[in-house]
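Please look through the structure below with its aromatic side chains in mind. The paragraphs that follow take up how their rings are arranged.

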Amino acid sequence: MESGEPLPRRDGRRGGWRAALFIVAVGFLERIGFTGVGGNLITYLTGPLGMSTAAAAAGVNAWSGTVLVLPLVGALAADSRLGRYRAVLIAGVLYLLSLGMLTVSSMLQTPQPHPAGCHSTASTCSPPISASSPARLAFFYTAIYLLALAQGFHMPCSEALGADQFDPSVGASRSSYFNWFHFSISWGYAIAAIVITYIEENVGWTEGFAVCWATMVVYLVVFLLGTRTYRVEQPVNSSSLAQLTKKLTFFRTDDATTDTQR
């Protein structure tokens, strides 16, 4: 989505690679923290939470669908009210809140031991029954859906904020920025899939979630350090979005009327 006119404080001393590199680093850190949880979520549900595979798959599918939809909400909020800078800042705060809650939730989780005479290597043993109370499960689900909301603000706004740091006339620099941004988030995916997953499954879930939380602390610090260098765009006037919505509604109504007449 396009932003409106630039803020008055935009000048030649802002933007460029000096500002864009902060956004590249933020994208890298965000993928580590988010994927470190989302990429291994079903293992946590079937393990410490003791859910069946079917129930865990249903829960992960519902959460993944929410993750895909919420960027629409974040983009609309950024373009109509918040602006991209504030949207990414809100994402950072929500990431800290959600991952902090998730870390606390894993600390409170106390799975029951295996039945007597059952060894962890025995194929006939059932997984331990979860001791999670409804309140703890509600706390856990609140945490992961706040995580999805944070990603909804971050995903559509961070990359675009980095692109805002380059003048449209400097196409080569902007293209290079997109290459480096996606290169960095690819490494974020890889580190999360290898390092964070190993920590969660071999050291402890609390430690793994805590590493994700610490990564988001660095995310927020790095983003704030670049504040003085960013070119920040104003959000689009909300009345413009309202007019666009009315036009789309009119066209849909007109098409429906035409189909009825036929």
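Rings of Phe, Tyr and Trp, the last represented by its six-membered ring, are taken to pair if their centres lie within 6.5 Å. In this predicted model, ring pairs of that kind join W17, F166, Y177, F178 and F181 into a cluster. The count of aromatic pairs by this rule comes to 17.

One of these pairs is formed by F183 and W187, whose ring centres are 6.4 Å apart and whose planes meet at 70 degrees, so the arrangement is edge-to-face, a class that requires an angle over 60 degrees. Both residues belong to helix α6, which covers residues 171-203, and a spacing of 4 residues places F183 and W187 about one helical turn from each other. As for solvent, F183 has a relative accessibility of 44% and therefore counts as partly exposed, and W187, with a relative accessible area of 48%, is likewise partly exposed.

A further aromatic pair is made by W205 and F209, with 5.8 Å from centre to centre and 45 degrees between the planes, and this pair is tilted. Because W205 and F209 are 4 residues apart in helix α7, which spans residues 205-225, about one turn of the helix separates them. The term buried applies to a relative accessible area under 20%; W205 is buried because its value is 14%, and F209 is buried because its relative accessible area is 2%. The pair in helix α7 thus consists of buried residues, whereas F183 and W187 in helix α6 are partly exposed.

Definitions and conventions. Residues are numbered from 1 along each chain as its sequence is written. This is a predicted model: local features need pLDDT of at least 70, side-chain atom pairs count only at pLDDT 80 or more; totals for chains, interfaces and linings use all residues. Side-chain values use heavy atoms; hydrogens and water are left out. Rings of Phe, Tyr and Trp (its six-membered ring) pair if their centres lie within 6.5 Å; planes under 30 degrees apart count as stacked, over 60 as edge-to-face and the rest as tilted. Helices (H or I, at least four residues) and strands (E, at least two) are DSSP runs, numbered from the N terminus. Buried means under 20% relative accessible area, exposed over 50%, partly exposed in between (1.4 Å probe, protein chains only).
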